[in-house]
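Grab a pencil and work through the exercises below. Have a go at each one before you read its solution.

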Amino acid sequence: MQDDRQQLEKRTQNPTAECAGLVFGEQAAPQGCSAGGNGRMGCGSGAGRGDLPPEIWEKIRNHPCYSEAAHHHYARMHVAVAPACNIQCNYCNRKYDCANESRPGVVSERLTPEQAAKKALAVACAIPQMTVLGIAGPGDPLANPEKTFKTFGLVAQAAPDIKLCLSTNGLALPEHVNRIKALNVDHVTITVNMVDPEVGAQIYPWVFFRHKRYTGRDAARILSQRQLQGLEMLAERGILCKVNSVMIPGINDEHLVEVNRAVKSRGAFLHNIMPLISAPEHGTVFGLNNQRGPTARELKALQDRCEGEMNMMRHCRQCRADAVGLLGEDRSAEFTTEKVMAAEVRYDVSARRTYQQAVESERMAKAAAKQAELSTCSGKFSDIAIQVAVATKGGGRINEHFGHAKEFQIYEIGTAGVKFVGHRRVDLYCQGGYGEEDVLPVIVRALNDCVAVFVAKIGGCPRDTLQAAGIDPVDRYAHGFIEQSAISYFKDYLEKLERGDIVHVPRGDGAIRQGAYVAA
Amino acid sequence: MAYKIVGSQCTACAACEPECPNNAIREKEGTYLIKSEKCTECIGYFDDPQCVAVCPVDDTCVIDAAYPRYQASA
Ligand code: SF4
Ligand code: SF4
Ligand code: SF4
């Protein structure tokens with residue numbers, strides 16, 4: 001129950017940065033904190049505070065979007081108030097959410113600014129973990145500036161402790177930067193898929209700019225120039241700016257390394273590379289052309305290449321834009337517009353603070369446990385790194401039953417430490433009509449690159465299937481901290497290798513599930 | 001003298017509404033409509049009809065043949 005309450009998190013793209021001053025060490029493991037010098041902070045990479053300026057650090061340390069550890073404890077919600085868009089992306093058909101920030105194939109409820117603000121307050125009262133309100137699609141928030149800024153204004157007035165964020169394609173960004181600054185918007189996400197108009201022409205059929213529709217390379221050139229200009233303007237004003245990129249194999253996959261450099265040099269503090277999610281039934285250009293998305297290994301390889309350059313964010317799970325809740329949990333049914341409008345909302349900051357303090361102490365305990373476990377394997381060294389999947393409901397613990405997991409968290413463990421590398425969804429969304437017996441193969445495919453799966457509990461039948469696929473089902477760490485358990489497992493693994501009990505075989509690739517994350 | 005919106009194709013995204021220089025576009029029951037007596041085909045304002053240029057669905061903002069083409073009163 002306690003665990004249930006701690007499930008936070010919720011939605012989309014959330015990266016992460018951990019190791020706050022006081023919890024330093026929680027993520028201190030791999031290529032992070034100690035390296036420090038390159039200014040990376042983490043997100044999923046387990047990197048540390050590095051040389052981030054203190055004011056930026058303060059902004060991100062409890063940020064469910066930017067702190068991998070905070071990601072387990074704090075939540076973010078998005079409201080959709082801005083259906084219009086000023087560009088067209090080949091991975092979007094506009095009937096659904098803006099694919100840049102959430103997922104194609106899913107529709108979020110459109111709200112008026114008043115409804116959206118009231119909903120945000122109602123959710124914040126019921127879920128003290130909710131610390132960030134975002135405006136995402138369908139549509140581009142800055143193609144609907146009045147609705148977007150009105151929503152922000154209403155929320156800022158009633159609940160000044162809630163951070164505001166927005167995601168944009170960047171076309172209209174330069175003219176709104178000052179307003180964003182004036183409203184004290186916490187961070188902005190720009191989706192940048194290219195800096196080369198040749199590449200852009202394959203992604204954007206057109207943009208609508210200054211009363212004219214541009215197509216082809218002209219469209220891409222204008223968009224790119226506006227995106228980079230907007231990014232520089234945000235950086236000059238000290239507004240956190242994250243860049244999202246959609247990885248489209250064969251179109252911009254190689255090119256994203258260049259994008260990474262371009263956005264880093266202009267002040268983006270974090271780069272999130274997301275897989276293209278594409279299926280014919282989404283009715284998008286890419287979907288209809290059978291443009292495929294990347295595999296888990298391709299995605300990770302690209303993220304790893306860019307990580308040397310800057311912060312990468314890996315825990316984006318591409319949820320739907322109006323989901324409410326925490327890790328793998330959607331409580332939006334409790335907050336329908338009807339219920340919210342009927343309810344009387346009293347915003348209570350102190351209850352929220354009490355909760356948040358409890359979370360801080362839990363996080364410290366987790367960090368200490370990990371540190372202790374790490375120290376027991378100091379002195380060991382090996383080139384081997386393994387990936388494990390974890391069934392969790394949140395709170396950084398192994399606390400989900402195998403059969404109930406809608407997604408698994410993937411961690412990579414080596415002697416350098418533990419690093420979170422992503423989510424792997426196994427829910428049956430978009431599977432329409434598939435029966436229970438088809439679930440297991442889906443899971444095995446999704447976790448194919450993992451050596452083990454950590455669960456709170458697992459039945460006999462899935463246990464056998466996993467073992468047959470070479471994945472070790474592990475329930476001995478039930479309810480333990482994830483990272484501590486992972487290190488302990490890895491120690492055993494190395495010992496068994498030394499004794500010759502097992503042989504290390506590199507695992508194959510994992511499948512990325514298509515479709516939006518909807519914890520149904 | 002007017003454009004019209006093919007209702008069955010309109011996604012009700014509202015992108016066209018603020019772009020119209022004549023405030024000719026309104027929402028009605030989940031789809032958007034052009035008031036033909038207000039529409040000037042953007043003549044006198046822009047080179048291209050704005051609703052056509054911004055609409056995400058091709059062939060949704062189209063010439064309404066029921067009206068003669070707009071003549072700017074030059
Ligand atoms: S920016 Fe978002 S809403 Fe606009 S076309 Fe692209 S994905 Fe769709
Ligand atoms: S053509 Fe121009 S004036 Fe007519 S409805 Fe469209 S935007 Fe308005
Ligand atoms: S821009 Fe097109 S789809 Fe959107 S409301 Fe106008 S007519 Fe409908």
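Here come some notes and then two exercises with solutions.

This is a predicted model, where local features need pLDDT of at least 70, side-chain atom pairs count only at pLDDT 80 or more, and totals for chains, interfaces and linings use all residues. Residues are numbered from 1 along each chain as its sequence is written, chains are lettered from A and ligands numbered from 1 in the order in which they are written, and side-chain values use heavy atoms, leaving out hydrogens and water.

**Exercise 1.** Work out how F402(A) and F408(A) pair, and whether each is buried or exposed.

Solution. Start with the search: over all chains, 5 aromatic pairs turn up (ring centres within 6.5 Å; planes under 30 degrees apart are stacked, over 60 edge-to-face, the rest tilted). F402(A) and F408(A) sit 5.7 Å centre to centre with 45 degrees between the planes, a tilted pair. Next, check the cover (buried is under 20% relative accessible area, exposed over 50%, partly exposed in between; 1.4 Å probe, protein chains only). F402(A) has 3%, so F402(A) is buried. F408(A) is buried too, because its value is 0%.

**Exercise 2.** Classify the pair F454(A) and Y489(A), then place both residues in the chain.

Solution. The centres are 5.3 Å apart and the planes at 65 degrees, so the pair is edge-to-face. F454(A) belongs to strand β13 (residues 452-454) and Y489(A) to helix α16 (residues 482-499), both of chain A, so the pair ties together parts 35 residues apart in sequence. Strands (E, at least two residues) and helices (H or I, at least four) are DSSP runs numbered from the N terminus. Both F454(A) and Y489(A) are buried. Finally, ring pairs join F454(A), Y477(A), Y489(A) and Y493(A) into a cluster.

How values were computed. Phe/Tyr/Trp six-rings, centres within 6.5 Å; stacked < 30°, edge-to-face > 60°.
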